[in-house]
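Subject: Structure for you to look at

Hello,

I am passing on a structure that you have not seen before. Please open it first, and then read my notes alongside it.

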Amino acid sequence: MEYYRIAVVARPHGVQGFVKLTPLTDNTARFKGMTNAYLEQDGKRRPVGLSGVSVAPDAVLLKIEGVDTREQAELLRGAYLCVDKQNVVKLPPGHYFIADLIGCLVEDNEGVSYGKVTDVLQTGANDVYVIKQNEHEILLPALKKVLLLVDVENKRIVLDAKIVKEVAVFED
């Protein structure tokens, strides 16, 4: 089963086991009404119940079932709150989950292969795809004018050959 990280535990909040989360999603409204999720810590994932969810523009406060003290909440610092594939937020057309982009084969419309997406850097202005082929790395801004096709189901991205050479940064 696939899981998506939607927040990281930043710190305890108060003395009754509440935690403050740093969202890893643009849609903080998605936390409202959440009652179940998965907690990922030390490489292990377990289902947890949620309550007392409060959403602010830059943070989310909530109570995780079984965490009743500040000390217990402190032990969760750095843990990830995750959802399974069935509970991800539906994205608008042209938007993709980073986890779905990782591993996509990248080629241009002239048949030149560039390698696989290994990471996505979120720079603020636009995302940058990190593409690796053997030891070589390419940094490619995720611009609509360069992306002709993004097919995450078939793990394939097709670029405009003319534009990719203008915008990509190629490692020597």
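Below is what I found about the salt bridges. Please keep in mind that this is a predicted model.

In total, the count comes to seven salt bridges. Here are several of them, with a word on how accessible each partner is.

Let me begin with lysine 63, which pairs with aspartate 68; their closest N and O atoms are 2.9 Å apart. The two partners sit on either side of the 20% cut-off for being buried. Lysine 63 has a relative accessibility of 16%, so this residue counts as buried. Aspartate 68, at 47%, counts as partly exposed.

Next, have a look at glutamate 74 and arginine 77. These residues form a salt bridge too, and here the closest N and O atoms are 2.7 Å apart. Glutamate 74 is partly exposed, at 35% relative accessible area, and arginine 77 is also partly exposed, at 44%.

Further along the chain, a salt bridge joins the side chains of lysine 132 and glutamate 137, with an N to O distance of 3.6 Å. Lysine 132 has a relative accessible area of 40%, which makes this residue partly exposed. Glutamate 137 is partly exposed as well, with 26%.

Finally, which residues are linked in a network of salt bridges? They are Arg5, Glu40 and Arg45, and you may like to pick them out in the viewer.

Enjoy exploring, and do write back with any questions.

Best wishes

Terms used:
Residues are numbered from 1 along each chain as its sequence is written. This is a predicted model: local features need pLDDT of at least 70, side-chain atom pairs count only at pLDDT 80 or more; totals for chains, interfaces and linings use all residues. Side-chain values use heavy atoms; hydrogens and water are left out. A salt bridge is a side-chain nitrogen of Lys or Arg within 4 Å of a carboxyl oxygen of Asp or Glu. Buried means under 20% relative accessible area, exposed over 50%, partly exposed in between (1.4 Å probe, protein chains only).
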